[in-house]
Amino acid sequence: MSTPSSTPSSEPPSADGTETKTMTVTLNLDGSVSDDSAPPSAPPNVAEDASTLVEKLLAVNFEAKHLQLISTLAFGNDNMKKAIASSPLIIKLIGFFTTASDPDVETTKSFCAALRACTINSAKGRAQCRIPELYVSFLKSLKSQPENRDECITTICAVCMNDEENCKLLKEAVGSVDLKDFVDDNEERAKKIKFLEALME
């Protein structure tokens, strides 16, 4: 029988002084996850030791729900982000995505959110993204999933920012592909692609 671990937190007080809700994220040893009451965009203040949560995530077979949990736990939580960056969890996360034969739109979206949460403001986290297959998979998603182009481009920016080695891997994966083909008349996306092109120079 698995023993659940919970990470409770409270949302910021509302402007009118009404009582706020409490969020509980539960990760069982069998890999099951429950997330009660609060929206997934509200990151919990991890009460349980972060390294213990990482160990449990390393022990389960990843599903989309685990990607969402990683995103929720790591976003805005420095202790969790440090624990993740000091473990092979990012490598496992990338492996889950790159070995999927044809990840669906929601899986790609969840993966991008999780990888961003683990690598933004984390040089150690970005250093674990030096896996050529990651950038090849991003290019495939850009071509096959127009609805996820913003997610992919934004995540590539997060992974390559201030990381010369990742920029080299991106450049190798892009090859003769013109990233401008994925702008789709989106002004913000065009700015991000221009930024990536500058990084690859």
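I looked up the second largest pocket of this predicted model. Its lining holds Phe-97, Thr-98, Ala-100, Ser-101, Asp-102, Pro-103, Ser-137, Lys-140, Ser-141, Ser-144 and Gln-145. My pocket criterion, on a 1 Å grid over the protein atoms alone, is an open set of points where a 1.4 Å probe fits, with protein on both sides within 12 Å along at least five of seven lines; lining residues have an atom within 4 Å of a point.

I noted a volume of about 180 Å³ for this pocket, as the space filled by probe spheres set on the points. H4 and H7 are the elements giving two or more residues to the lining. H7 gives the most, with four. Helices here are DSSP runs (H or I, at least four residues), numbered from the N terminus. I split the lining into three nonpolar, six polar and two charged residues, with Asp, Glu, Lys and Arg counted as charged.

Next I checked H4, residues 89-98. Leu-89, Ile-90, Leu-93, Ile-94 and Phe-97 are buried there (under 20% relative accessible area, 1.4 Å probe, protein chains only). They fall within an arc of 140 degrees down the axis, so they line one face of the helix; the arc uses directions from the axis to the C-beta atoms.

I then read the confidence. Mean pLDDT (0 to 100) is 82 for the protein chain, and 76% of its residues reach 70 or more. Residues 1-25 are below 50.

Numbering runs from 1 along each chain as its sequence is written. Local features need pLDDT of at least 70, side-chain atom pairs 80 or more, while totals for chains, interfaces and linings use all residues, and side-chain values use heavy atoms, without hydrogens and water.

Terms used: pLDDT = per-residue confidence, 0-100. Contact = heavy atoms within 4.5 Å. Buried < 20%, exposed > 50% of the residue type's maximum accessible area, 1.4 Å probe, protein only.
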